[in-house]
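Here is a short briefing on one protein. Look over the sequence and the model first, then read the points below.

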Amino acid sequence: CLHMKWLERKVHMSAYWFATLSSGPVLKVTHFLMSDKFVVNLQKQSCTCYFWDLVGIPCRRVVCSIKYIDGVVETYVHKYYKIDLYQMCYE
């Protein structure tokens, strides 16, 4: 599935990011080499880069945050990308 390949690439790219817990479901994510900083809210499913908000697939910063809390990345993909909903749509 196309979104799984995309997600695998995001998991690989998340290795360059470092997450720290800020408060509640909010994490601060920083790049190792650059000074880029983002805020990820896993409960609201949003990142300050707005990629996850717009597309529904976690960006590399969100993937880093999910791995930090020891979660499963696939559960954070929007329901519209799930096979069940895709098949229902095209029936």
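Which pattern does the protein follow, read along the sequence? The pattern is α-β-β-β-β-α-α-α. That makes 4 helices and 4 strands. Keep in mind that this is a predicted model.

**Overall build**

- The protein has 91 residues, and its radius of gyration is 14 Å.
- A compact globule with 91 residues would have a radius near 12 Å, so the value for the protein agrees with that rule.
- The C-alpha trace spans about 45 × 25 × 25 Å along its principal axes.
- Now take contacts between residues at least 6 apart in sequence: 37% of them join residues at least 24 apart.

**Strands and hairpins**

- Start with strand β1, which covers residues 17-23, and strand β2, which covers residues 26-31.
- These two strands run antiparallel, and 6 bridges join them.
- One pair to find on screen is Ala 19 and its bridge partner in β2, Val 29.
- β1 and β2 form a hairpin with 2 residues between the strands.
- Look at Gly 24 in this hairpin: its phi is positive, near 60 degrees.
- β2 also pairs with strand β3, residues 37-41.
- This pairing is antiparallel too, with 5 bridges.
- Here Lys 28 stands opposite Val 39 in β3.
- β2 and β3 form a hairpin as well, this one with 5 residues between the strands.
- In a regular strand, side chains alternate between the two faces of the sheet.

**One residue up close: Asp 84**

- Where is Asp 84 found? It is in helix α4, which runs over residues 83-89.
- Is Asp 84 buried or exposed? Its relative accessibility is 63%, and a residue counts as exposed over 50%, so Asp 84 counts as exposed.
- Compare its place with that of Leu 7: the two are 77 residues apart in sequence.
- In space, Asp 84 and Leu 7 are 18 Å apart, C-alpha to C-alpha.

**Surface and charge**

- How much of the protein counts as buried? The share is 34% of the 91 residues.
- The protein exposes about 6,200 Å².
- Carbon and sulfur atoms supply 58% of that exposed area.
- The protein carries 11 positive and 7 negative charges.
- The mean positions of the positive and the negative charges are 9 Å apart.

Definitions and conventions: Residues numbered from 1 in each chain as written. Predicted model: local features only at pLDDT ≥ 70, side-chain atom pairs only at ≥ 80, totals over all residues. Heavy atoms only, no water. Pairing = 2+ DSSP bridges. Buried < 20%, exposed > 50% of the residue type's maximum accessible area, 1.4 Å probe, protein only. Rg over C-alpha atoms; globule rule 2.2 N^0.38 Å. Contact = heavy atoms within 4.5 Å. Areas by Shrake-Rupley, 256 points an atom, 1.4 Å probe, with all protein chains shown as cover. Lys, Arg positive; Asp, Glu negative; His and termini not counted. Charge placed at Lys NZ, Arg CZ, Asp CG, Glu CD.
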